[in-house]
Amino acid sequence: MDISVIIVNWNTKKLLGDCLRSIFKFTKSIKFEVIVVDNGSEDGSQAMVKKKFPQVKLIPNRDNLGFAKANNQGIKVAEGKYVLLLNSDTYLIENSFKKLVEKTASFGKLGAMGPLLLNEDRSIQLSVGFFPHLPQVLWWMTFIDDLPGGTVLRPYHVDHDSFYNNQHEVDWVTGAAFLVPKKVIDKVGSLDEKIFMYGEDFEWCFRIKKAGFKVYFLPVAKIVHIGGGSVNKIRTNAYVGEFRGLEYFYKKYKSHTSLQILRFLLKMGTLLRIAAFAIFGRIKLAKSYVEVLKMAG
């Protein structure tokens, strides 16, 4: 088996169906399996998979166990040389999995790899970055890494389209489409199940790189990612989730002083965003960050 594709689903029946159809339409010339882990969906997702995609391995959960734990369930039964975590709100437009597998031989000490993610209009979607050390968080919270040439700062989120035109070694790739060799998982362990959602990708990459492996971004393989499919595009929850993921990362790997500085930077950045978005008339976004401030404490 070349690759095991693991998809965690929670009430995204239509998106999941579109994703699966695209996989079986475009994936050719490699041996692959698809594993769907359903987190207690109530929209008929499980019945749809059983009826329309009987070749898929379905792991049904009664409750929503979270992204990390559900993916780990899939990893335990995966038979592929490579494991690919894939969001249910993605779909293929080419034979992307074959391109990824073919390129793995080109990289020494491969720990993880991410393809180019596209929005539905085929514009580039930010999907990689560098570890959120305090300088990176500062550049992010003050918008400094958004300025021309910001990539030299090794930003937490790389938000410059030109960066995505070429192959790069990076610190992390998004869990929306994340390929990792099974032997690497055997060495460093699977996803941290204490992270329910958001932040599990860069935490995993941190352990992967700490073990001596490398993480790459590969634009030759393209996957469309709709984004927010299972959270109804309520970005407030995503912002809060990311902030809490960062706090967990700092509690696990950094000093108490660093954690306090992180919290200050996140609060400062949130207030700055509220003011900036209000001034520029983006009231809904400003209100979203007001809610972030309330929810994040």
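**A look inside the fold**

Phe178 touches Val83, Leu84, Leu85, Ala112, Met113, Val173, Asp201, Trp204, Cys205 and Ile208, leaving aside residues up to four places away in sequence; a contact here means heavy atoms within 4.5 Å. Besides Phe178, a second, separate core of 32 residues includes Ile7, Phe97, Leu100 and Val101. As for Phe178 itself, this residue is, with Trp204 and Ile208, among those with the most contacts inside the largest nonpolar core, which has 59 residues. Such a core is a set of buried Ala, Val, Leu, Ile, Met, Phe, Trp, Tyr and Cys residues joined through side-chain atoms within 4.5 Å, where buried means under 20% relative accessible area (1.4 Å probe, protein chains only).

All this comes from a predicted model, in which local features need pLDDT of at least 70 and side-chain atom pairs count only at pLDDT 80 or more, while totals for chains, interfaces and linings use all residues. Residues are numbered from 1 along each chain as its sequence is written, and side-chain values use heavy atoms, with hydrogens and water left out.

Zooming out, the protein chain holds 10 helices and 11 strands, counted as DSSP runs (H or I, at least four residues, for helices; E, at least two, for strands). Its radius of gyration is 19 Å, close to the 19 Å from the globule rule for 297 residues, so the chain is as compact as a globular protein of that length; the radius is taken over C-alpha atoms, and the rule is 2.2 Å times the number of residues to the power 0.38. Buried residues make up 53% of the 297 in the chain. Of the contacts between residues at least 6 apart in sequence, 76% join residues at least 24 apart.

How values were computed
Buried means under 20% relative accessible area, exposed over 50%, partly exposed in between (1.4 Å probe, protein chains only).
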